[in-house]
Amino acid sequence: MKKKALIFGVTGQDGAYLSKFLLKKNYVVHGVKRKTSLINTKRIDDIYEEPNKKKKSFFLHFGDVIDYGSVFNLITTIKPDEIYNLSAQSHVAVSFEIPEYTANTNALGALRILEVIKNFNKKIKFYQAGTSELFGKVQEIPQNENTKFYPRSPYAVSKLFAHWITVNYREAHDIFAANGILFNHESPLRGETFVTQKIVKGLVKIKLGHREKLLLGNIYSKRDWGHAQDYVEGMWKILQQRKPKDYVLATGKTFTVKYFIKKVSEKLNLKLVWKGKGLKEKAYLNGKPVIEINKRYFRPSEVDLLIGDARKARKELNWKPKKNLDSIIDDMIFYEKKNFNGK
């Protein structure tokens, strides 16, 4: 019999890649999305099938982790073998503006799922999507599973609760519950408000003459960037272990946002010239400023350096990233050019 997976947050970047990965593994996949006025299924349209199609293996449901009744009905009706909680208010800057909603979704959302598993079927395996933002004001370099957490945003604090409640339910209720502490992972499906996608989309539009300027925040923050396709495989491998454990997934390499800009501009043959310092630093193209620094895009409390140590995942999961930063950027630029609509 085919395994059944239930994915909360299926229409996000990771949800889309994970769905396709699991379908190739011969799973039946049930995805959950919030009911909104926008359809917002673009990332999974290629795998969504007509409701009356025989031997259907991908199902889409409406639901929300902030609604316990919704979570309960989905889990008890679908009876999944594995649950992946990828649902979140995932934008760090936005979490400062809507901290209560962020906490309700990210922190209590995980708790609601775990509570249903505890009361309904403890044999269900549970994956909680963690984040390198847990390390925030880093206490050691690089960061691994034993590094002390120091979250620097409501988003990170909410994810800290989700992390520890997953550990608590694992230990207190003998549930297969595991955390993946994933460092930044990008792809063509990355949300438009995330800095990598913002840079790629902005520079492609500048290259094609459909935009004049790109506004950014802290271009000297350093991140460990991998590809989402590699990381969803890691999620699956975490749930295939004999015992539940927590794992860091990362490349072990870090680059500044400015370096990411440099790589994208080079691949687009945009010869940028940087001048100025601080908030007055700008990138010029043919004598005109095309990238400017805007204080509005700085966080109230910055996270300057994240770099992961994934040796545990390499050893125990036999996992390592296949794609480097160049291939990630190539994928994102190719997709953006292919789907550019002139807006």
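**Salt bridges and the parallel sheet**

In this predicted model, Lys 258 and Glu 281 form a salt bridge, with their closest N and O atoms 2.8 Å apart. Lys 258 sits in helix α8 (residues 257–267), while Glu 281 belongs to the loop between β13 (273–275) and β14 (282–285), so the pair ties together parts that are 23 residues apart in sequence. Lys 258 is partly exposed, at 21% relative accessibility, whereas Glu 281 comes out as buried, at 5%.

That pair is part of a longer tally: the whole structure holds 19 salt bridges. Another one links Arg 311 to Asp 309, again with 2.8 Å between the closest N and O atoms. Here Arg 311 is exposed at 60% relative accessibility, but Asp 309 is buried at 10%. Lys 323 and Asp 331 also make a salt bridge, their closest N and O atoms being 3.0 Å apart. Both ends are partly exposed: Lys 323 has a relative accessible area of 26%, and Asp 331 has 25%. Then there's a network, in which salt bridges with shared partners join Lys 263, Lys 267, Asp 326 and Asp 330.

Now for the sheet. It is open and built from 7 parallel-paired strands, in the order β3-β2-β1-β4-β5-β6-β11. At the edges are β3 (58–62) and β11 (247–249), each pairing on one side only. From one strand to the next, the twist averages 20°. Helix α1 (residues 13–24) packs on this sheet and touches β1 (4–8), β2 (28–33), β3 and β4 (82–85), its direction making about 175° with that of β1. Helix α2 (residues 68–78) lies across β1, β2, β3 and β4 too, running at about 165° to β1.

Terms used: Residues are numbered from 1 along each chain as its sequence is written. This is a predicted model: local features need pLDDT of at least 70, side-chain atom pairs count only at pLDDT 80 or more; totals for chains, interfaces and linings use all residues. Side-chain values use heavy atoms; hydrogens and water are left out. Two strands pair if DSSP finds at least two bridges between them. Helices (H or I, at least four residues) and strands (E, at least two) are DSSP runs, numbered from the N terminus. Axes are lines fitted to C-alpha atoms, for helices over the stretch in contact, and angles run from 0 to 180 degrees between N-to-C directions. Contact means heavy atoms within 4.5 Å. A salt bridge is a side-chain nitrogen of Lys or Arg within 4 Å of a carboxyl oxygen of Asp or Glu. Buried means under 20% relative accessible area, exposed over 50%, partly exposed in between (1.4 Å probe, protein chains only).
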